[in-house]
Amino acid sequence: YAISIMKTYIDCGCHNAKTSNPLYPLIKNNDRVLYIEANPNLIDDIKRNTRSENYTVVNKAISNFNGTTKFFFDKRGFVSRTKGDKVNRKKGMRSGIATDDNYLSNFFSEESIDTQVNTLLKVLNDNNIDETIDILKIDTEGQDYNILRHFFENNNKYVVKKIITEDYFKTNDYKYTLLKDNGYILKKKTDSDSQWIIKTTQ
């Protein structure tokens, strides 16, 4: 019999857990998956789309602080690739929290809701995540650098083998430097994200 080895995946800013998501094809039935998504309108979609039975969904925003903040919806809304689907104004992919340094906030509509925001470390600890994480994916519409910086500055527990982060030209230089300074090397770059692996796992 083939032995199935459970992996641990953290999907931070998972949207609906499927559309344009590089983690989706990797997940198997018994993998431990922590989905983190601030938009409450996507929670049922995440549960429907997940490929694992061993998952948790956390409805929070992630940044470099703990507290509450405003979550803004995408101006354009979201339409799936299914023919005939209508745009859903509350499920747009470019939704997020607006902070002073969030250069993507021009994509947000004026409509917002209050949401709880935590650091990644707090959410990992609160959900009893294993100390070894196979892949951490971060796609948080402008918060990726803040999340990673806080994580690296405060983490003394978790080993993350691979990081997939959404790329924006305005943050690439200092985000790439941050990842390299913390022992990661660039393994793959696409039009929308970059994939990094820790040196000891090559």
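Tyr-145 counts as buried, at 18% relative accessibility, just inside the cut-off of under 20%. That value, like the rest here, comes from a predicted model. The ring of Tyr-145 is paired with that of Tyr-174: the centres sit 4.7 Å apart and the planes meet at 85°, so the pair is edge-to-face. Tyr-174 itself counts as partly exposed, because its relative accessibility is 41%. The two partners come from distant parts of the chain, with Tyr-145 in helix H3 and Tyr-174 in helix H4, 29 residues apart.

Helix H4 also supplies Tyr-176, whose partner Trp-196 belongs to strand E11, so this pair ties together parts that are 20 residues apart in sequence. Tyr-176 and Trp-196 are again set edge-to-face, at 5.0 Å centre to centre and with 70° between the planes. Both rings belong to buried residues: Tyr-176 has 13% relative accessibility, and Trp-196 goes all the way down to 0%. In total the structure holds six aromatic pairs. Ring pairs also join Phe-151, Phe-152 and Tyr-184 into a cluster.

On to the nonpolar packing. In soluble globular proteins, nonpolar side chains tend to be buried together. Here the largest nonpolar core has 28 residues, and Ile-10, Ile-36, Leu-120 and Leu-124 make the most contacts inside it. Quite a list of elements gives two or more residues to this core: strands E1 (8-12), E2 (32-36), E8, E9 and E11 (193-198), along with helices H2 (120-126), H3 (144-154) and H4 (172-181). The biggest contributor is H3, with five residues. Leu-124 shows how the pieces meet: leaving aside residues up to four places away in sequence, Leu-124 touches Ile-10, Leu-34, Ile-129, Ile-133, Phe-151 and Tyr-158. Apart from the largest core lies another one, of 11 residues, including Cys-14, Leu-23, Val-33 and Ile-43.

That leaves the empty space. The largest pocket holds about 540 Å³. Its lining is made up of 34 residues, with Gly-13, Met-93, Asp-139, Glu-141 and Glu-166 nearest the centre. Strands E4 (61-63), E6 (96-97), E8 (132-138) and E9 (159-166) are the elements that give two or more residues to this lining. The largest share, three residues, is from E9. As for chemistry, the lining of the largest pocket splits into 13 nonpolar, 13 polar and eight charged residues. Strands E8 and E9 thus turn up twice, in the list for the pocket lining and in the list for the largest nonpolar core.

Key:
Residues are numbered from 1 along each chain as its sequence is written. This is a predicted model: local features need pLDDT of at least 70, side-chain atom pairs count only at pLDDT 80 or more; totals for chains, interfaces and linings use all residues. Side-chain values use heavy atoms; hydrogens and water are left out. On a 1 Å grid over the protein atoms alone, a cavity is a set of points where a 1.4 Å probe fits but cannot get out, and a pocket is an open set with protein on both sides within 12 Å along at least five of seven lines; lining residues have an atom within 4 Å of a point. Grid points are joined across faces, edges and corners, and a volume is the space filled by probe spheres set on the points. Helices (H or I, at least four residues) and strands (E, at least two) are DSSP runs, numbered from the N terminus. Ala, Val, Leu, Ile, Met, Phe, Trp, Tyr, Cys and Pro count as nonpolar, Asp, Glu, Lys and Arg as charged, and the others, Gly among them, as polar. A nonpolar core is a set of buried Ala, Val, Leu, Ile, Met, Phe, Trp, Tyr and Cys residues joined through side-chain atoms within 4.5 Å. Buried means under 20% relative accessible area, exposed over 50%, partly exposed in between (1.4 Å probe, protein chains only). Contact means heavy atoms within 4.5 Å. Rings of Phe, Tyr and Trp (its six-membered ring) pair if their centres lie within 6.5 Å; planes under 30 degrees apart count as stacked, over 60 as edge-to-face and the rest as tilted.
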